[in-house]
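Please open the model in your viewer and keep the sequence beside it. The tour below goes from one selection to the next and says what is there at each stop.

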Amino acid sequence: MAEQVALVVGATGLGEAIAHRLVADGRDLILCDREEAGTSGRLAETAAATGARVVTARVPLDTPDTFRDALPDLLRQAGHDALDALVYTMPPDDAFTPRPLAALTDDQWRRLAEDPVRHGLTVLQAAREPLAPRRGRFVLVVPAIALEGAADLVPLATAAETLRALAKSAARRWAADGITVNLVTPDVFAYGAEHLRGTDVDRGEAVLPGPTTPADVADAVALLLDPAAARLTGTTLIVDGGALMTP
Amino acid sequence: MTEHVALVTGAAAGLGRGIALALAAAGSTVVVTARRLAAGAEVADEIAARGGTAWATTCDVTSAESVRAAIEATAARFGRLDAVVHNATSRRSGEPVDLEHADPALWREHADVSLTGSFTVARAAYPLLRATEGALLLLTSPAGMRGSANLSFYAGVKGAQRGFVKALAREWGPTGVRVNGLAPLAVTPALAGAFEADPTMEGRIADKVPMRRVGDPETDIGAPAVFLCGPASRYVTGQTLIVNGGRDTFL
Ligand SMILES: NC(=O)c1ccc[n+]([C@@H]2O[C@H](COP(=O)([O-])OP(=O)(O)OC[C@H]3O[C@@H](n4cnc5c(N)ncnc54)[C@H](OP(=O)(O)O)[C@@H]3O)[C@@H](O)[C@H]2O)c1
């Protein structure tokens, strides 16, 4: 059993890359997803090499208490009684499909803009209690269009910026407990949204060569979980190869 | 302004009223919307008494049907719509929230007015705004940029509106319809009541404002709102104008 345990919500894509990185760094891992969460081959391999415990679980985020109620047992299975880190990465299903706002139905708006916020809020609401004993860290990963917007992706930009404001609120609120809350905002291509190349969201302004990869995002999360990041809270790391450069 | 029709949500009091008065003074025909017709009609009468043009109709922004009806009624009456100001905010905006244990129903109350409300207002107004190359203005808040320890749900929905403004501005840019935000600080009836109950409060807030005072809805916030609603801001979109005496300088 490792000294530290991280909980990652979102088991595929960025979540998988982050989980892999946190295990490689020597943490035990609880990996949750709305769907059945499997471990990737490389995650299992790395865990075997480091001796990390990996617990996976399907936890619905629709009802506020299900996630909170599942935590004690997941921690017990992982051999811990509190959390050192909680990383939330869950992008909504179908989030990167461009849709003009004027044509959105009420149902689509609810599914694309409001449900993701409710799911994130469910996790945020439950996070303080398990993080407080270890002065743990919360990292929220949402696409950088939260900061810049993008045509035909209004629900996603809205949901992402809502979660960012809620995370900053938690950062202010939980500072007294020694819990920090920070954000990582990757460009959409880190999410694999290759079909958005050449659209409004893609201004081709990254200055570093090559695309942003899930591993780049995992590295940024690892930076925020490093002891050296103790004084950072409420900040946003934009992982986009230098496209935006915070004004 | 010649031939400029502007609709304001939650316009019976506070900033909504101040913005409605300022728009009318600048020559707009103002559609004063409120949940209670009588409350909106009072502001419309006040505008008329000052020589302006206004008309009141009901609009509950939590109902897509009600929003659509208010905009259709505006089209029927005036034949055009040049600006929409979504100003309404949940009545519980100023209520401290126990983030960790708050009932999701409370989140819904905030989200219905500000998150879903922004969507339904924008969607319903789009065809008319497109015809006039008009403007959509959302009242947001510095809380949405800074976060808030006690007003976390309010901060969340005000952040929502910032993401919404930026994305929609980029989407509607080619049509000429502009989408902006305004983040104010002003004394509203609720705040005035709080100042009366706690006489040191106004000073405590003002101390954090470089200009050392809390703004007035009509005279301090009205003019920047008029700017963002009218042709003077024809090349401005996707922005949040912070109108709070310099309290926030981070943008
Ligand atoms: N005042 C400030 O310093 C300040 C600072 C930052 C941001 N803001 C923003 O400025 C805007 C106005 O703020 P305020 O201080 O004037 O707020 P306020 O005094 O609380 O007024 C809110 C208005 O919204 C209306 N409203 C509530 N629910 C509604 C619904 N479902 N449909 C239609 N109208 C509804 C209320 O009318 P009812 O009588 O029907 O309830 C009320 O007139 C808000 O968006 C707020 O976030 C204000």
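Begin by colouring the two chains separately and selecting the residues where they touch, a contact that takes 38 residues from chain B and 40 residues from chain A. Please keep in mind throughout that this is a predicted model. Between chain B and chain A an area of about 3,300 Å² is buried, and carbon and sulfur atoms give 56% of that area. If you then pick out Glu100(B), Arg170(B) and Glu171(B), you have the three residues that supply 24% of the area chain B buries against chain A, more than any other three residues.

Stay at the interface and show the side chains, where 6 salt bridges are counted between chain B and chain A. One stop is Glu100(B), which forms a salt bridge with Arg128(A), their closest N and O atoms being 3.1 Å apart. Across this interface there are also 23 residue pairs in polar contact. On the side of chain B that touches chain A, the elements giving two or more residues are helix H4 (104-132), helix H5 (143-146) and helix H6 (152-172) of chain B, and H6(B) gives the most, with 15 residues. Colour that side by residue type and you will find that it divides into 19 nonpolar, 10 polar and 9 charged residues.

Next, select Asp106(A) and Arg123(B), whose side chains meet in a salt bridge with an N to O distance of 2.7 Å. This pair crosses between chains, leading from helix H4 (residues 106-131) of chain A to helix H4 of chain B. Over all chains, a search of the whole structure finds 35 salt bridges.

Now hide chain B and show chain A as a cartoon, following an open sheet of 7 strands in the order S3-S2-S1-S4-S5-S6-S7, with parallel pairing. At the edges stand strand S3 (54-58) and strand S7 (236-239) of chain A, each with a single partner strand, so one side of each is left without a neighbour in the sheet. On average, neighbouring strands of this sheet are turned by 15° against each other, direction ignored. For a closer look, select strand S5 (residues 137-141) and strand S6 (residues 180-186) of chain A, which run parallel and are joined by 5 bridges; Phe138(A) has Val181(A) in S6(A) as its bridge partner.

Bring chain B back, where an open sheet of 7 strands has the order S3-S2-S1-S4-S5-S6-S7, with parallel pairing. Its edge strands are S3 and strand S7 (240-243) of chain B, each of which pairs on one side only, and the twist averages 20° from one strand to the next. Strand S2 (residues 29-34) of chain B pairs with S3(B) in the parallel sense over 6 bridges, and Val30(B) stands opposite Ala54(B) in S3(B). Two helices can be followed over these strands: H6(B) packs on the sheet, touching S4, S5, strand S6 (178-184) and S7 of chain B, its direction making about 165° with that of S5(B), while H4(B) lies across strand S4 (83-86) and strand S5 (135-139) of chain B, running at about 175° to S4(B).

What is in contact with Trp55(B), leaving aside its neighbours within four places in sequence? Select this residue, which has its place in strand S3 (residues 53-58) of chain B, and its contacts include Val30(B), Ala44(B), Thr74(B), Arg77(B) and Phe78(B). Finally, add Val5(B), which is 50 residues from Trp55(B) along the chain, with 10 Å separating their C-alpha atoms.

Key: Residues numbered from 1 in each chain as written. Chains lettered and ligands numbered in written order. Predicted model: local features only at pLDDT ≥ 70, side-chain atom pairs only at ≥ 80, totals over all residues. Heavy atoms only, no water. Contact = heavy atoms within 4.5 Å. Buried area = accessible area lost by both parts, 1.4 Å probe. Salt bridge = Lys/Arg side-chain N within 4 Å of Asp/Glu carboxyl O. Polar contact = N/O pair within 3.5 Å; in protein donor to acceptor, adjacent residues only side chain to side chain. Helix = DSSP H or I, 4+ residues; strand = E, 2+ residues; numbered from the N terminus. Nonpolar A, V, L, I, M, F, W, Y, C, P; charged D, E, K, R; others polar. Pairing = 2+ DSSP bridges. Axes fitted to C-alpha atoms, helices over the stretch in contact; angles between N-to-C directions.
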